[in-house]
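Here's a walk through a single chain, with the model open beside you. Let's start in a loop and work outwards.

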Amino acid sequence: MADNSFSDGVPSDSVEAAKNASNTEKLTDQVMQNPRVLAALQERFDNVPHTPSSYIETLPKAVKRRINALKQLQVRCAHIEAKFYEEVHDLERKYAALYQPLFDKRREFITGDVEPTDAESEWHSENEEEEKLAGDVKNKVVITEKEAATAEEPNPKGIPEFWFTIFRNVDMLSELVQEYDEPILKHLQDIKVKFSDPGQPMSFVLEFHFEPNDYFTNSVLTKTYKMKSEPDKADPFSFEGPEIVDCDGCTIDWKKGKNVTVKTIKKKQKHKGRGTVRTITKQVPNESFFNFFSPLKASGDGESLDEDSEFTLASDFEIGHFFRERIVPRAVLYFTGEAIEDDDNFEEGEEGEEEELEGDEEGEDEDDVEINPKV
């Protein structure tokens, strides 16, 4: 029988494969000449997301090499920025010493240890003219009653409940304060910020000064916030300035039965053998602002915190930063509510800008859909 597996010295399988390849090529040419097929392929190509990373992957190796060099320069910039913030911290320490005499006088006025002079008490408000006119009219009508009321008007010492009022006015703080915390906070006389000494790791301390009270023997409660101002070795491009990385509280020496951070509960226990029941009491944690001085510790052994713990720690850091940057420097404006109104107006302005930006982006998307060329 004749062997048909070869034809002129060429295997028949190879001949068949060549024919199939030729047919496939012809079919491909026919398909690619079909306008509908081309339009469908173009549409798919247009819908493929083009991200910066996907673009970088398409670049030649020589260009990628230069990009890596730029990244090295960026890391060096981050380290220079870290040094800048260290010097800013030194400036904060320097100017804190200049502010402190004014803050000391503020405390004296608040506590009533010193009475401000007429010159120190003079202040011209924006609505002064309207208030003056209204006052003049009222004086003419009820001058006798006003004199009597003035004679009977109380004159308390200093500015009562100054810091406690700030706690009530600021939402971030009022959310932490329980009803049983309030009488304690009414004894708060001052809050100070102290920066770390030169040459020491970057940190700041919040000092809460209390007058003698029936709740604890401490005259000062402290909270120390530790900071870091250096790029992360694993992610140097995430550096945006100093960040709080940990905090330490202090021990509150509560007087007997006055600790508001714990509560006593009664629990019944049944003996397994005898079946008798006994009632025991135990102390469990209780919600209180004063838990602020027993903070959660940041994990330092490489173990990650759970989501709730991370949120609690982040909130603590935010509150500490707010005390340092806003409350302590501008206390009187948070007492009167003026700073709160400014904060609200600023936030509303930001929201308005975001909404306007979103609207612009939506408009651009619509335009893109309308004029997107088919290339």
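## A loop serine to start with

This is a predicted model, and a good place to drop in is Ser196, which is buried at a relative accessible area of 9%. That puts Ser196 under the 20% line, so it counts as buried. Ser196 lies in the loop between β3 and β4. Setting aside neighbours within four places in sequence, its contacts are His89, Arg93, Pro201, Met202 and Ser203. Two of those names come back in the next part: His89 and Arg93 are among the buried residues of α4.

## The helix behind it

Helix α4 covers residues 61-111, 51 residues in total. Its first and last C-alpha atoms are 70 Å apart, close to the 75 Å expected at 1.5 Å a residue. The helix does have a kink to look at: α4 bends by about 35 degrees at Tyr99, and Pro101 follows within four residues. Just past the end of α4 comes Gly112, with a positive phi near 85 degrees.

Which residues of α4 are buried? They are Ala78, Ala82, His89, Arg93, Ala96, Phe103, Arg106, Ile110 and Thr111. The elements covering them include α7 (162-169), β3 (188-195), β4 (203-210) and α11 (331-336).

## The open sheet

Strands β3 and β4 belong to a four-stranded open sheet, ordered β3-β4-β5-β6, with antiparallel pairing. β3 and β6 (243-248) sit at the edges with a single partner strand each, so one side of each has no neighbour in the sheet. From one strand to the next, the twist averages 20 degrees.

At the β6 edge, five bridges pair β5 (residues 220-228) with β6 in the antiparallel sense. Met227 stands opposite Ile244 in β6. Two helices pack on this sheet, and each touches β3 and β4. The direction of α4 makes about 170 degrees with that of β3, while for α7 the angle with β3 is about 75 degrees.

## Leu206 and helix α10

Now move into β4, where you'll find Leu206. Buried or exposed? Leu206 is buried, with a relative accessible area of 0%. Leaving out neighbours within four places in sequence, Leu206 is in contact with Lys192, Val193, Leu221, Thr222, Lys223, Tyr225, Phe292, Gly320, Phe323 and Arg324. The pair to pick out is Leu206 and Arg324: 118 residues apart in sequence, but 7.5 Å apart in space, C-alpha to C-alpha.

Arg324 also turns up among the buried residues of helix α10, which are Ser309, Leu313, Asp316, Phe317, Ile319, Gly320, Phe322, Phe323, Arg324 and Ile327. Helix α10 (residues 307-327) has 21 residues, which should span 30 Å at 1.5 Å a residue; the end C-alpha atoms are 28 Å apart, in agreement with that.

## The β7-β8 hairpin

Next, a hairpin. β7 (residues 262-270) and β8 (residues 277-285) run antiparallel and are joined by nine bridges. Among the paired residues, Gln269 has Arg278 in β8 as its bridge partner. Six residues lie between the two strands, and Gly275 in this hairpin takes a positive phi near 80 degrees.

## A positive phi without a glycine

Most residues other than glycine have a negative phi. Glu161 goes the other way, with a positive phi near 55 degrees. Where is Glu161 found? Glu161 is in the loop between α6 (128-152) and α7, and at 33% relative accessibility it counts as partly exposed.

## Cysteines

How many disulfides does the structure hold? Zero. Two cysteines are still worth a look for their surroundings: Cys77 is partly exposed, with a relative accessible area of 43%, whereas Cys247 is buried at 0%.

## The chain overall

Stepping back, the chain has 12 helices and eight strands. Of its 375 residues, 23% are buried. Looking at contacts between residues at least 6 apart in sequence, 59% join residues at least 24 apart. The contact between Leu206 and Arg324 is one example to keep on screen, with those two residues 118 apart in sequence.

Notes: Residues are numbered from 1 along each chain as its sequence is written. This is a predicted model: local features need pLDDT of at least 70, side-chain atom pairs count only at pLDDT 80 or more; totals for chains, interfaces and linings use all residues. Side-chain values use heavy atoms; hydrogens and water are left out. The expected span of a helix is 1.5 Å times one less than its number of residues. The bend at a residue is the angle between axes fitted to the seven residues ending there and the seven starting there. Buried means under 20% relative accessible area, exposed over 50%, partly exposed in between (1.4 Å probe, protein chains only). Contact means heavy atoms within 4.5 Å. Two strands pair if DSSP finds at least two bridges between them. A disulfide is a pair of cysteine sulfur atoms within 2.5 Å. Axes are lines fitted to C-alpha atoms, for helices over the stretch in contact, and angles run from 0 to 180 degrees between N-to-C directions.
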